[in-house]
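This report describes how the helices and strands of one protein chain pack together. The sequence and the coordinates are shown first, and the description follows.

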Amino acid sequence: MTKIYLVRHCEAEGNAKRLFQGSINCDVTELGEKQLSFLTQRFKNIRLDAIYTSPLIRAQKTAFAVRGDRFMDVKIENDLREINAGIFDGKPFAESFTTNEKMADVWYNHPEDFAPEGGEPMRDAYERIYNIVIKIAEENPNKVVALALHGGVIRCLLTRLQFGDIKRLNDMIWSENTSVSLLTYDNGKLTIDYMNDHSHIPDEFLPVRNRLSSFAKARP
């Protein structure tokens with residue numbers, strides 16, 4: 001049995017500026033750094049055998065915060081990256097969807113069909129994130145693993161595990177910055193222990209603009 005912590009990255013510049021922050025490599029904000037200090041405290045006394053991160057800097061800094069003062073490697077895994085939003089990547093949400101009403105309708109009402117020009121279709125990201133988490137789980141039998149990754153792919157993975165249908169994406173809450181979900185991998189199956197818990201972050205360090213999820217019960 002393997003335990004897998006999913007940790008969304010801290011606040012990055014794209015969050016603060018309300019950009020479509022897909023594959024662009026935004027650094028973290030001052031607020032994000034404060035969130036990371038609380039995240040380090042949360043994981044201080046939790047057993048960890050391996051840590052993996054998306055290659056994007058906002059995820060890497062989050063992974064290092066999870067590691068804290070442990071003497072262990074942080075492994076970069078490209079398939080933990082966020083969805084590439086193509087022509088929308090790095091642009092303000094308002095600007096992108098005002099000029100492309102058709103794609104706005106897809107994003108908000110049928111996100112499973114989101115396939116931006118020059119980017120990655122949502123259906124591909126949905127498969128990619130599941131496959132890499134299964135691979136990591138199988139490579140770490142009976143261990144405890146932390147993954148630093150992104151809101152979009154976390155949403156894809158939790159939708160699959162909770163509902164088994166990509167068309168239910170809109171029924172899955174978004175995770176807050178540095179929120180934690182815990183999965184169990186046992187006998188070839190992934191299950192959710194809890195999801196999207198940000199109880200380690202005081203309310204004043206979670207701006208209203210980032211409040212994309214509902215609150216989950218506090219967990220270790």
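In which helix does arginine 128 lie? Arginine 128 lies in helix 6. The model discussed here is a predicted one.

**Arginine 128 and its surroundings**

Arginine 128 has a relative accessible area of 8% and is therefore buried, the cut-off being under 20%. Not counting residues up to four places away in sequence, arginine 128 touches Asp79, Leu80, Arg81, Glu82, Ile83, Glu120 and Val153. Isoleucine 83 is 45 residues from arginine 128 in sequence, and the C-alpha to C-alpha separation of the two is 9.8 Å.

**Packing of helix 6 on helix 7**

The axis of helix 6 (residues 122–139) comes within 9 Å of the axis of helix 7 (residues 151–163), and the two cross at roughly 75 degrees. Helix 6 is therefore roughly perpendicular to helix 7. On the side of helix 6 the contact is made by Met122, Tyr126, Glu127, Arg128, Ile129, Tyr130 and Val133, and on the side of helix 7 by Val153, Cys156, Leu157, Arg160 and Leu161. By class, the residues of this contact comprise nine nonpolar and three charged, with no polar ones.

**The sheet**

Six strands make up an open sheet of mixed pairing, in the order 3-2-4-1-5-6. Strand 3 (74–76) and strand 6 (189–197) are the edge strands, each of them pairing on one side only. From one strand to the next the twist averages 20 degrees.

Three of the pairings, each with a pair of residues that stand opposite one another, are set out below.

| Strands | Sense | Bridges | Opposite residues |
|---|---|---|---|
| Strand 2 and strand 3 | parallel | three bridges | Isoleucine 51 and valine 74 |
| Strand 1 and strand 4 | parallel | six bridges | Leucine 6 and leucine 147 |
| Strand 2 and strand 4 | parallel | four bridges | Tyrosine 52 and leucine 147 |

Helix 6 packs on this sheet, where it touches strand 1, strand 2, strand 4, strand 5 and strand 6. The direction of helix 6 makes about 150 degrees with that of strand 4. Helix 7 lies across strand 1, strand 4, strand 5 and strand 6, and runs at about 130 degrees to strand 6.

**Strand 4 and the nonpolar cores**

Why is strand 4 largely enclosed by the rest of the structure? Strand 4 is so enclosed because six of its six residues are buried. Both of its faces are covered, with Val144, Ala146 and Ala148 buried on one side and Val145, Leu147 and Leu149 buried on the other.

The largest nonpolar core has 38 residues, of which Phe114, Ile129 and Leu147 touch the most other members. Two or more residues of this core come from each of strand 1 (2–8), strand 2 (50–53), helix 5 (101–109), helix 6, strand 4 (144–149), helix 7 and strand 5 (180–186). Helix 6 gives the largest share, nine residues.

Leucine 147 is in contact with Ile4, Tyr5, Leu6, Val7, Tyr52, Leu80, Val133 and Ile136, its neighbours within four places in sequence being left aside. Apart from the largest core lies another, of 22 residues, among them Tyr5, Val7, Ile46 and Ala59.

Key: Residues numbered from 1 in each chain as written. Predicted model: local features only at pLDDT ≥ 70, side-chain atom pairs only at ≥ 80, totals over all residues. Heavy atoms only, no water. Axes fitted to C-alpha atoms, helices over the stretch in contact; angles between N-to-C directions. Parallel < 35°, antiparallel > 145°, perpendicular 65-115°, else oblique. Contact = heavy atoms within 4.5 Å. Nonpolar A, V, L, I, M, F, W, Y, C, P; charged D, E, K, R; others polar. Core = buried A, V, L, I, M, F, W, Y, C linked by side-chain atoms within 4.5 Å. Buried < 20%, exposed > 50% of the residue type's maximum accessible area, 1.4 Å probe, protein only. Pairing = 2+ DSSP bridges.
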